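User: Please examine the following model with me and set each term you apply against its definition.

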Amino acid sequence: MAVEPAPETALARNQAARRERVVSAALSLAAEGGYDAVQMRDVAVRASVALGTIYRYFTSKDHLLAAACVGWVGDLERRLARRPPPSDDAVEQLVAIVRAATEALEREPRLAEALVTAISTPDPAVSDCQRQVSDILVSLLSAPLTDVDEERRAGIVRVLAHVWFSSLVGWVSGWSGIDQVGDELELAVRLLVSP
């Protein structure tokens with residue numbers, strides 16, 4: 001006998017809305033002042049929730065920002081699905097995807113710095129968020145490569161993900177500029193995918 005899923009309760013909707021307000025407040029603070037500007041007390045005030053409420057959902061600032069990163073990357077995926085790259089060429093599609101992602105980072109550099117810092121932490125509470133971000137990026141980067149052998153596609157995506165992460169860490173650490181992230185990714189795409 002199949003068990004019917006429980007109907008969404010008002011309490012569950014209220015909890016989801018409260019959690020979303022917390023994430024939104026953290027994103028807002030990060031956009032204004034970067035990683036250091038996100039203090040849990042300030043998030044609580046901006047979200048109009050008790051400090052303890054935040055800790056019901058998130059164990060740390062990094063956990064909160066990493067969850068926000070999952071949402072941000074998910075939004076990017078949805079935007080790209082609504083407006084896919086116009087080219088039929090896999091290289092140009094991948095270049096358009098990585099450029100769209102890096103342009104979004106360039107528009108909000110303080111927010112991007114905060115999200116990259118949080119998603120890079122060794123905090124065990126962040127590991128599920130890291131996996132989710134990785135899964136979304138693999139999906140985004142794999143989509144244009146449908147004509148590529150599965151093993152080669154997995155290798156290309158893995159290398160691109162490493163270049164992306166390395167470039168972001170270099171930017172956040174001050175070794176390079178945000179504009180170089182997109183350039184590094186485009187170079188990697190052209191080297192790895194072009195015939």
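**A buried charge and its surroundings**

Analyst: Aspartate 62 is buried yet has no salt bridge, and the nearest side chain of opposite charge, lysine 61, is 6.2 Å away. This is a predicted model, in which local features need pLDDT of at least 70 and side-chain atom pairs count only at pLDDT 80 or more, while totals for chains, interfaces and linings use all residues. Residues are numbered from 1 along each chain as its sequence is written, and side-chain values use heavy atoms, with hydrogens and water left out.

User: Why is aspartate 62 said to have no salt bridge?

Analyst: A salt bridge is a side-chain nitrogen of Lys or Arg within 4 Å of a carboxyl oxygen of Asp or Glu. Lys and Arg count as positive and Asp and Glu as negative, with His and the chain ends not counted. For aspartate 62 the nearest side chain of opposite charge, lysine 61, is 6.2 Å away, so the 4 Å criterion is not met.

User: Which side chain makes a polar contact with the side chain of aspartate 62?

Analyst: The partner is the side chain of threonine 121, at 3.3 Å. A polar contact is a pair of N or O atoms within 3.5 Å; within protein, one must be able to donate a hydrogen and the other to accept it, and residues adjacent in sequence count only if both atoms are side-chain atoms. The value of 3.3 Å therefore falls within the 3.5 Å limit. Aspartate 62 is found in helix α4; helices (H or I, at least four residues) and strands (E, at least two) are DSSP runs, numbered from the N terminus. Leaving aside neighbours within four places in sequence, aspartate 62 is in contact (heavy atoms within 4.5 Å) with Tyr35, Ala118, Thr121, Asp123 and Val126.

**Burial and the nonpolar core**

User: Why is methionine 40 called buried?

Analyst: Buried means under 20% relative accessible area, exposed over 50%, and partly exposed in between (1.4 Å probe, protein chains only). Methionine 40 has a relative accessible area of 9%, so the residue is buried. Methionine 40 lies in helix α2 and touches Leu51, Ile54, Tyr55, Ser60, Lys61 and Leu64, not counting residues up to four places away in sequence. Of the 195 residues in the protein chain, 42% are buried.

User: What makes a set of residues a nonpolar core, and how many residues has the largest one?

Analyst: A nonpolar core is a set of buried Ala, Val, Leu, Ile, Met, Phe, Trp, Tyr and Cys residues joined through side-chain atoms within 4.5 Å. The largest has 62 residues, and those with the most contacts inside it are Val22, Val43, Ile54, Leu64, Leu65 and Trp164. Helix α4 gives the most to this core, with eleven residues. Leucine 64, leaving aside its neighbours within four places in sequence, is in contact with Val22, Val23, Ala26, Met40, Val43 and Phe58. In soluble globular proteins, nonpolar side chains tend to be buried together.

**Salt bridges**

User: How do you know that arginine 99 and aspartate 183 meet in a salt bridge?

Analyst: Their side chains lie 2.9 Å apart, N to O, so the pair satisfies the 4 Å limit. The pair links distant parts of the chain: arginine 99 in helix α5 (residues 90-107) and aspartate 183 in helix α9 (residues 178-193), 84 residues apart. Arginine 99 is partly exposed at 22% relative accessible area, and aspartate 183 is partly exposed at 40%.

User: What separates arginine 131 and aspartate 135 in helix α7?

Analyst: Being four residues apart in helix α7 (residues 127-142), they are separated by about one helical turn. Their side chains meet in a salt bridge at 3.0 Å, N to O.

User: Which residues do salt bridges that share partners join into one network?

Analyst: Arginine 190 and glutamate 186 meet in a salt bridge at 2.9 Å, N to O. Salt bridges that share partners join Glu92, Arg99, Asp183, Glu186 and Arg190 into one network. The structure holds eight salt bridges.

**An exposed loop residue**

User: Why is serine 48 called exposed?

Analyst: Its relative accessibility is 61%, which is over 50%, so serine 48 counts as exposed. Serine 48 sits in the loop between α2 and α3 (51-57) and has a positive phi of about 60° although it is not a glycine. Most residues other than glycine have a negative phi.
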